[in-house]
Amino acid sequence: MSWLERLRDGLSKTRKQINDTAGNLGSDLRDVLTNRLDSIEDLEYALIAADVGRAATEEILADVRASDHTNLQDALMEALTLQLEPDLRRAQFRKLGFTPDARRTVVDPRGHVVMVIGVNGVGKTTTIAKLGQYYMGRGKSVMFAAGDTFRAAAGAQLGVWGERLGVPVVQGPEGGDPAAVAFDAASARAARGTDLLLVDTAGRLHTKHNLMEELKKVRRVIDKADPGEPADVWLVLDAVTGQNGLAQAKKFHEATPLSGVIVTKLDGTAKGGILVPIVRELGVPIKFIGVGESADDLQPFDSQEFVRALFDVEIPRG
């Protein structure tokens, strides 16, 4: 099964949620807007149920009402794609009728160190392994830092991945100082000239610690060891958590500003619309999305591809 097929299949629960609530999306748009207020209300309920969020839903419906499309689904797809575009200039181009290519053949980090953050259970460590494989497949040298020293076996888990992939892993003692691990790893990356260091971080600490303050400290010591780094902080978010996940994202963003979000487990949720408020409310791009456990189930995010897969519409090529 190809990536696009897996994506369409993974979004089936969200698609069913929207279709069951909104009814026939293939209706003539003018007919719906002129004669069938109930259809617009059903669409509003469907989007909110899919965790698009009320504010974004209102903007989407406004765009649908102003659309030049004759088909309700086409208007809705365009409005959703616009919402998933965090770059205001590109969003404006879309509103003017242009269709900038959203595809990222490669997601290039801005520097050499990426801090990967998120609460326990979202799949941070496995995601780091997948990212390592992704970048190694594109010719980059990679290192891992096992900075989640508070979760039992987290370092061992990353160590196993490192051994499997042939990636050096900097580790510290279980329960040790995560900042010390990050400092050592950043120093080693700079000394070796490794292209990319992916730093795993704690998702929950013992009660005497404050997670957000710990993450700020890790960021500071990385900058000391490797000035200007980490150039990226990416949050791993479990799509199944929906609006709770968005609340988590806001707290992390306040503590240590994010440069990207990775959304996992889209295949297990009817709340796939959560991607919209992530982009809209945080103003942060989604870098990767995941729809399964294998390494190639994590792929760069493409807003047009995502929306077409959500509505099970073939993606034109060429």
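Q: Let's start with the surface. How much area does the protein expose, and what share of it do carbon and sulfur atoms supply?
A: Keep in mind that this is a predicted model. The protein exposes about 14000 Å², and 48% of that comes from carbon and sulfur atoms.

Q: And what percentage of the residues count as buried?
A: Buried here means under 20% relative accessible area. By that cut-off, 54% of the 318 residues are buried.

Q: How many helices and strands should I look for?
A: You'll find 14 helices and 8 strands. As for how the chain meets itself, take the contacts with a separation of 6 or more: 76% of them join residues 24 or more positions apart.

Q: Let's zoom in on one helix. What span does H9 reach, and what would be expected?
A: A helix is expected to span 1.5 Å times one less than its number of residues. H9 runs over residues 154-165, so 12 residues, and goes 17 Å from first C-alpha to last, close to the expected 16 Å.

Q: Which residues of H9 are buried?
A: Ala154, Gly155, Leu158, Gly159, Gly162 and Leu165. They sit on the same side of H9, because they cover an arc of only 135° around the axis. On the other side, Glu163 and Arg164 are exposed.

Q: What covers the buried residues of H9?
A: The cover includes helix H8 (124-136), plus strands S2 (142-146), S3 (169-170) and S4 (196-200).

Q: What follows H9?
A: Glycine 166, and its phi is positive, near 75°.

Notes:
Residues numbered from 1 in each chain as written. Predicted model: local features only at pLDDT ≥ 70, side-chain atom pairs only at ≥ 80, totals over all residues. Heavy atoms only, no water. Helix = DSSP H or I, 4+ residues; strand = E, 2+ residues; numbered from the N terminus. Buried < 20%, exposed > 50% of the residue type's maximum accessible area, 1.4 Å probe, protein only. Arc of directions from axis to C-beta. Contact = heavy atoms within 4.5 Å. Areas by Shrake-Rupley, 256 points an atom, 1.4 Å probe, with all protein chains shown as cover.
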